[in-house]
Amino acid sequence: MPVKFLDRDHSILAFNERVLNWARRTDVPLLERLRFLCIVSSNLDEFFEVRALSHLTAAMNNELKGACSVASFKTLSGMAHDMVARQYALYNDELLPAFARHGIRIVSHGERNAVQRRWVKAYFERAVRPLLIPVGLDPSHPFPQVANKSLNFIVRLGGRDAFGRENEIAIVKVPRVLPRFIHMPSRSEGKGNKLFLSLSSVIRAHLADLFAGRKVGEFSQFRVTRNSDLEVDEDDVKNLRTALRLGLEQRHYGQAVRLEVSAGCSEYLSGFLLKQFNLPAQALYRVHGPVNLVRLTQLVDLVNDPKLLFPRYKACYPKQLVPGQSFFERLRQGDVAIHQPFESFDGVLAFLREAVNDASVLAIRQTIYRTGPDSELMLLLREAVRRGKEVMVVVELKARFDEEANINWAEMLESIGAQVVYGVMGLKTHAKMLLVTRREGRRLARYAHLSTGNYNPGTARLYTDISYLTADPLLTADIDHVFVHLASHSRLPRLHHLLLAPFQLQRRLLDKIAALAQAAQAGKDTRIVVKTNALTDEDLMRALVKAGQCGVKIDLIVRGACMLPAQVKGVTDNIRVRSVIGRFLEHSRVFYFRSGDDETLLLSSADWMNRNMLRRVELAWPVNDPVIRQRIIDECLVAYLHDGRDAWDLQPDGTYVLVNPADPENRHSAQSALMARYSALKPRKS
């Protein structure tokens, strides 16, 4: 019986439902609930920016293109509208009253007393009005360019303008430099209260001041989301960096895909905006509150009350390392695994820092995907160049939404003499690797770092990932070959340990799955456990289905989109799928295969998606140290398979059900258990 795969976009929205559940949970601190609400809004923004255009285009042209059609657009629109409605209901009916009970209030214009109104008026005149330029629309003043996700007001005016004309529509663009929330001074708060203003309410209260001699009638906030998937014709590009810079200038003004307005926006104004942005009615979202919930993260920082936040978690120094001990000396003794964020990313920084400062280190090579605009790693690489080391950096210019930061870092390093390459045209370089070459006597020794996640100290505190440090001569030789391949595009020699996409990775995974299927048919005890962020590659899914039907027991821990249905009778009876949503974002990729007593554990930068397997440069590598292998199995796989608090099980119909054991007092949370375990560790002394 063939398997019918689930819809990818539906699965992405279902993932956000699971994130939204954290905003609903009363056992979660209040400011953290607000933060999760904002995360869902940010995820929805990205969904529309990246995934919505094809469905919208098919619907507007009444076409069928792959999975995109009028029906798919209507279905996804219905799901998104429903989710947005529940977000705002949660915000208005639960979170705002809960904040009020703690003396935290966002004060609207109608709730302000005379003293507060005078202060707001003064603030508007001093800090806001000088930055606003209302634009009255007429033939010489067409509708202005409105940037992606920016806050704006549309106003319908009565009377005539200074020239006696009746042009009635005006647009007020709100500069992004203005804070979206303002803390009112203590004298206006009252004892024990913290009062805040939204920027939109400040402008709304003083719209009339912007239009002297005109009557302000209907008005509304609005925000348009635009397609932001940066496309570059790589067949017609001589300089990818220059082409991307030009593309970035236009990203904020791509095709509109969603329009958000205030709930009270009149049909006249919403219709005017839909026509202006060439959008159908289903693309209109009327919201009961701020049109951009993402900006409420500012409120989390403004309130900053420890009682309303998660208890601060301080990651321990990696337990396999000794502060002050040379990394080169330690790695000659054996490999090291760092489980982030339970163990600190400082171990990785310290490794690179030692390499930069060590006079015997001759060369450093590193891939860069997402480092962020402020990166100690990039500054360390700059210092390495200054000290005369050979520095090569493979920068992925097309890391979505990080393109500008990566271009800036590439230009900086190139300007001081580093060798900067941009990988392979048509493929994103998503592999995470760092290689250090050191002179030791008469020989050159290599030391390496591989990771399932990015070289980003910020996200390393929020994402679960595995960093792997090694001096294994065969593995480091493989890494050297990959760097040479990326720079020269020469053919790769046969690799000893690394699996590289787009060449061997998918094929070797398929071979592993097929071998276990044969072993299961021969009566052997077989097992597959995969932890990944997404599962959408159809070849891999079909192989898993076949293996399950041959008797292989399969557990898939998939955080986000999963197109493989679980527990379908007669089809996927042996396959279980679960998603774990915790305080930290699950990001590590761990692949486990066992036949009898023979087991293989791979770590990887790659999700099980077609793009990762065939359209990216990705790595997977084996963990051969038996102690480290068992530790990763226990912490990254077994702990999550037994999670009884933050786990969701995928049902045959594609829905997810929160795991709810009979005894709620004994619910096991994988992340909480790992935090407790690592918090109890004492730093080792050199």
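This report walks through some pockets, a helix pair and a handful of loop residues in a predicted model.

**Empty space inside and at the surface**

Let's start with the gaps. Rolling a probe the size of a water molecule over the atoms shows where empty space is left. Here, the second largest pocket holds about 650 Å³ of space. It has 30 lining residues, and those closest to its centre are S108, S198, S201, R204 and G289. Four elements each give two or more residues to that lining: α3 (70-101), β1 (104-106), α5 (199-205) and β7 (215-226). Which of them gives the most to the lining? That would be α3, with 5 residues. Sorted by class, the pocket lining comes out as 14 nonpolar, 12 polar and 4 charged residues.

Then there are the cavities. Searching the whole structure turns up 6 of them at 30 Å³ or more, and the largest cavity has a volume of about 130 Å³. Of its 14 lining residues, L151, R180, S200, P290 and N292 are the closest to the centre. Both α5 and β7 turn up again here, as each supplies at least two residues of the lining of the largest cavity. The class split for this cavity is 5 nonpolar, 5 polar and 4 charged residues.

**A helix pair: α10 and α11**

Two packed helices are described by the angle between their axes and the distance between the axes. For α10 (residues 346-357) and α11 (residues 376-386), the axes come within 9 Å and cross at roughly 10°. Angles under 35 degrees count as roughly parallel, so α10 and α11 are roughly parallel to each other. On the α10 side, the contact is made by L349, L352, R353 and V356. Facing them in α11 are E376, L377, L380, L381, E383 and A384. By class, this contact has 7 nonpolar and 3 charged residues, with no polar ones.

Moving on from α11, G388 sits in the loop between α11 and β12 (390-395). Is G388 buried or exposed? With a relative accessible area of 57%, G388 is exposed. Its C-alpha atom is 12 Å from that of Q419, and the two residues are 31 apart in sequence.

**Two buried loop residues**

T536 belongs to the loop between β19 (526-532) and α15 (538-549). Its relative accessibility is 8%, so T536 counts as buried. Leaving out residues up to four places away in sequence, T536 touches R8, M541, A561, M563, W608, M609 and N610.

R559 is in the loop between β20 (553-558) and β21 (575-580). Why does R559 count as buried? Its relative accessibility is 16%, and buried means under 20%. R559 and F15 are 544 residues apart along the chain, yet their C-alpha atoms are separated by 7.6 Å. F15 is also one of the residues that R559 touches, beyond four places away in sequence. The other partners of R559 are R18, T532, N533, S579, V580, I581, L585, E586 and H587.

**Backbone oddities**

Most residues other than glycine have a negative phi, and most peptide bonds are trans. A few spots here go the other way, and this table puts them side by side.

| Site | Backbone feature | Value |
|---|---|---|
| Q340 to P341 | cis peptide bond | omega about 0° |
| A501 to P502 | cis peptide bond | omega near 10° |
| N304 | positive phi, not a glycine | phi about 45° |
| Q567 | positive phi, not a glycine | phi near 60° |

As for where they sit, P341 is found in the loop between β10 (336-340) and α10. That α10 is the helix whose axis comes within 9 Å of the α11 axis. P502 is in the loop between β18 (499-501) and α14 (505-521).

The two positive-phi residues are in loops as well. N304 lies between α8 (297-303) and α9 (327-333). Q567 is in the loop between β20 and β21, where R559 is also found. While R559 is buried at 16% relative accessibility, Q567 is partly exposed, with a relative accessible area of 37%.

Definitions and conventions: Residues numbered from 1 in each chain as written. Predicted model: local features only at pLDDT ≥ 70, side-chain atom pairs only at ≥ 80, totals over all residues. Heavy atoms only, no water. 1 Å grid on protein atoms, 1.4 Å probe; cavity = no way out; pocket = protein on both sides within 12 Å on 5 of 7 lines; lining within 4 Å. Points joined across faces, edges and corners; volume = space filled by probe spheres on them. Nonpolar A, V, L, I, M, F, W, Y, C, P; charged D, E, K, R; others polar. Axes fitted to C-alpha atoms, helices over the stretch in contact; angles between N-to-C directions. Parallel < 35°, antiparallel > 145°, perpendicular 65-115°, else oblique. Contact = heavy atoms within 4.5 Å. Buried < 20%, exposed > 50% of the residue type's maximum accessible area, 1.4 Å probe, protein only.
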